[in-house]
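User: Please examine the following model with me. I should like to work through its fold, its core and several individual side chains.

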Amino acid sequence: MSEAHRSSVPEPEPEAVPEAEAAPQPDAGPERDAVHHPGSDVRPAPGPVTADDVRHAVRLAVDVLRGAQGADWEARAGSLEWSCRETVEHLADDLFAYAAQLGPEQPPSDTEVPFVWSPRRPGGPANVVFADPAAGAAGLVQVLEACGALLAAMVRTTPPEVRSHHVFGAADPAGFAAMGVVETLVHLHDVAEGLGLAWEPDAALCDRALARLFPDVPDDTAPWPTLLWATGRGDLPGRPRRTAWRWYGAPRSEGEGY
């Protein structure tokens, strides 16, 4: 979530919510082929975001980051005020925090699980999870991988009727999966800009995340550019760039804004 766990929101996100920071594609999920077909004006309705989608998104991120071990991890991450290293830590912390929201036998309905989040420096991300600097880039990536696995496990094992607090709407496990996917995809975009890496996740993964969390975005544009636009990180033809944004975490049958 970013400072968004605490307020559960996205990054270059609207400062209306402190952090933000989801949408996945599974290793072998049932809706993987719900992609935009060139002859169609509107994307077909994708399936739900799953634990497999979380694992897939994090694996994509880990594979890219492992190829940048010798890069300057203190470089600024895209449009954020954080370094690439801090942004990966923040992402890992987001995944951990989403998993934690699903953990209690009675998940909280009006607040986050009360961990103490604190920054390592003024202006840095307020986290529970930090990587040991002595472990270097490899250790940092391993922390990300571990936190992604925690979220995937909680999404897989939590009954679908469970709801837990998020500032953008009380969410079910699929909603937290989608948040984790979005966080992963867009923060890797930030880090890739800072490290000079190529990063473009597959369209079906982006599509499922958009369908779950962003009911207010166009459905006739390519999924990845649309996700970047939805989170204030990119442009779409004929539409002003977003300077403030949010997602809708509650299931469609229960959420305002759908």
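User: In what order do the elements of the chain run from the N terminus on?

Analyst: This is a predicted model, in which local features need pLDDT of at least 70 and side-chain atom pairs count only at pLDDT 80 or more, while totals for chains, interfaces and linings use all residues. Residues are numbered from 1 along each chain as its sequence is written, and side-chain values use heavy atoms, with hydrogens and water left out. Helices (H or I, at least four residues) and strands (E, at least two) are DSSP runs, numbered from the N terminus. The chain has seven helices and zero strands, and from the N terminus the order is α-α-α-α-α-α-α.

User: Which helix gives the largest share of the largest nonpolar core?

Analyst: A nonpolar core is a set of buried Ala, Val, Leu, Ile, Met, Phe, Trp, Tyr and Cys residues joined through side-chain atoms within 4.5 Å; buried means under 20% relative accessible area, exposed over 50%, and partly exposed in between (1.4 Å probe, protein chains only). The largest such core has 63 residues, and those with the most contacts inside it include Trp 73, Phe 214 and Trp 247. Two or more residues each come from helix 2 (51–66), helix 3 (84–101), helix 4, helix 5, helix 6 and helix 7. The largest share, 12 residues, comes from helix 5.

User: How many of the 11 residues of helix 6 are buried?

Analyst: The buried residues of helix 6 include the charged-type names Asp 207, Arg 208 and Arg 212 as well as Leu 205 and Leu 210. Their cover includes helix 2, helix 5 and helix 7, where contact means heavy atoms within 4.5 Å. Helix 6 is thus mostly covered, and the number buried is nine.

User: What kind of aromatic pair do Phe 214 and Trp 245 form?

Analyst: Rings of Phe, Tyr and Trp (its six-membered ring) pair if their centres lie within 6.5 Å; planes under 30 degrees apart count as stacked, over 60 as edge-to-face and the rest as tilted. By this rule there are six aromatic pairs. Phe 214 and Trp 245 lie 6.3 Å apart centre to centre, with 40° between the planes, so by the cut-offs the pair is tilted.

User: Which residues do ring pairs link into a cluster with Phe 214?

Analyst: Phe 214 lies in the loop between helix 6 (203–213) and helix 7 (223–230), and Trp 245 in the segment after helix 7, 31 residues apart. Phe 214 is buried at 2% relative accessible area, and Trp 245 is buried at 4%. The residues clustered with Phe 214 are Phe 168, Trp 245 and Trp 247.

User: Over which ring does the charged end of Arg 246 sit?

Analyst: A charge sits over a ring if NZ of Lys or CZ of Arg is within 6 Å of the ring centre and within 35 degrees of the ring normal. The charged end of Arg 242 sits over Trp 229, 4.4 Å from the ring centre. For Arg 246 the distance to the ring centre is 3.9 Å, and the ring is that of Tyr 248.

User: With which side chain does the side chain of Glu 86 make a polar contact?

Analyst: Glu 86 is found in helix 3 and is buried, with a relative accessible area of 7%. A polar contact is a pair of N or O atoms within 3.5 Å; within protein, one must be able to donate a hydrogen and the other to accept it, and residues adjacent in sequence count only if both atoms are side-chain atoms. At 2.6 Å, the partner of Glu 86 is Arg 121.
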